[in-house]
Amino acid sequence: MNDDDPTRRLPTLDKSGGATAGPSNTERPPREEHEESDVGGRARRFWAARRVPAALVALVVLGAAGLLLYDVAAVRADRPAMAWRKRLAEELATRHLDDVWVLAGAAVAVALGLWLLLLALTPGLRAVLPMRRSTPDVRSGLDRAAAALVLRDRAMEVPGVQSVRVAVGRRKAKARAVSHFRELDEVRGDLDTALGDGLRQLGLARRLALSVRVRRSAKR
C-alpha cells in the first residue's frame with residue numbers, strides 16, 4: 001500500500017450485464033497535465049503515522065535495554081551474569097568476521113536499518129491524493145477509490161457506454177470502457193471530454209494524466 005503506479009481495481013458497472021470482451025479496441029495516448037498552483041500554498045503528500053512499526057521498534061529496544069540493564073546491575077551486585085550474555089561474549093570473541101552467522105546477522109541488521117530509514121524518509125499513504133489548498137491552514141485529500149467511483153459514474157453517463165472500469169493511480173487515471181452502439185471514436189472522444197472535466201472538478205493538486213480505451217462488446 002509494489003510498482004511505481006499502484007492502482008485500485010473497481011468492479012465493472014454494467015448496464016445490460018451481457019457484454020464480453022471483443023476483438024477490437026482503440027486507445028488514445030495519455031494526456032499529460034501540469035501541476036496547478038495552489039492559492040493556500042503547495043499541497044504536499046500526507047505522511048503516514050506508522051504506529052505499528054514505531055511501536056514494534058520501541059518495544060524491542062525497551063526490552064533489550066531493560067534486560068541488559070538488569071544483568072549489568074546483577075553483576076554489580078556480585079551475582080553471576082546471565083547465560084545468554086556469557087555465550088554472546090564468548091561468540092563475539094571467538095568467531096571471525098567472515099563467519100557465516102556473523103555475515104547473516106550483519107545482513108539482517110542492515111536490511112532492518114534500511115527498512116526503518118525508508119519508513120522514516122517516505123510519506124506513505126499512497127492511496128490519498130492531495131487536493132488544492134484554498135487556505136494555508138487547511139489541507140485536504142481524496143482517496144483514490146473515491147476518485148475512481150466519481151469518474152466511473154461520469155463515464156457511465158456517456159451515450160454508448162455499456163460498462164466501464166476506472167483505475168486511479170498517483171499519476172494517471174485509466175478508463176477501460178465497453179461500447180454496444182455508436183462509433184468507437186465518438187465514444188472515446190466523449191469519454192475523454194467527460195473524464196477530463198471530471199478530473200478538473202476533483203480539485204486535485206496535481207492533474208492526473210488520462211488514458212481512455214474503448215472496445216466493442218462481443219455479440220452473442
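Valine 57 counts as partly exposed because its relative accessibility is 33%, where partly exposed lies between buried (under 20% relative accessible area) and exposed (over 50%), with a 1.4 Å probe and protein chains only. This is a predicted model, in which local features need pLDDT of at least 70 and side-chain atom pairs count only at pLDDT 80 or more, while totals for chains, interfaces and linings use all residues. Residues are numbered from 1 along each chain as its sequence is written, and side-chain values use heavy atoms, with hydrogens and water left out.

Back to valine 57: it sits in helix α1. Helices here are DSSP runs of H or I with at least four residues, strands are runs of E with at least two, and both are numbered from the N terminus. Val57 joins Val61, Val108, Leu112, Trp115 and Leu116 in a nonpolar surface patch of about 510 Å². To get into a patch, a residue needs over 30% relative accessible area and no salt bridge; nonpolar side chains (Val, Leu, Ile, Met, Phe, Trp, Tyr) are joined within 5 Å, like charges within 9 Å. Both α1 (51-76) and α3 (100-121) put in at least two residues, with α3 giving the largest share, four residues.

Now the overall layout. The chain has five helices and seven strands, and reads β-β-α-α-α-β-β-α-β-β-α-β along the sequence. Of its 220 residues, 31% are buried. Its accessible surface comes to about 14,300 Å², with 60% of that belonging to carbon and sulfur atoms; areas come from the Shrake-Rupley method with a 1.4 Å probe, and for residues only the protein chains shown count as cover.

On to the strands. β6 (residues 172-179) pairs with β7 (residues 209-216) in the parallel sense over eight bridges, where pairing takes at least two DSSP bridges between two strands. Alanine 175 has valine 212 in β7 as its bridge partner. Between β6 and β7 the chain passes through helix α5 (residues 184-201), a right-handed β-α-β crossover; that is, with the strands pointing away from the viewer, the path from the first strand over the helix to the second runs clockwise.

What about the length of α5? Its 18 residues should span 26 Å at 1.5 Å a residue, and the end C-alpha atoms are 25 Å apart, which agrees; the expected span is 1.5 Å times one less than the number of residues. Buried residues of α5 include Leu184, Val187, Leu191, Leu195 and Leu199. After α5 comes glycine 203, with a positive phi near 75°.

Last, the charges. Side chains of opposite charge can pair when their charged atoms come close. A salt bridge is a side-chain nitrogen of Lys or Arg within 4 Å of a carboxyl oxygen of Asp or Glu, and the count comes to seven. Here are some of them:

| Salt bridge | Closest N to O |
|---|---|
| Arginine 95 – glutamate 91 | 2.4 Å |
| Glutamate 186 – arginine 182 | 3.8 Å |
| Arginine 188 – aspartate 185 | 3.4 Å |

Arg95 and Glu91 also belong to a salt-bridge network with Arg87 and Asp99. Arginine 95 is partly exposed at 35%, and glutamate 91 is partly exposed at 21%. In helix α5, arginine 188 and aspartate 185 are three residues apart, so about one helical turn separates them. Is arginine 188 buried or exposed? At 14% relative accessibility it counts as buried, while aspartate 185 is partly exposed at 49%.
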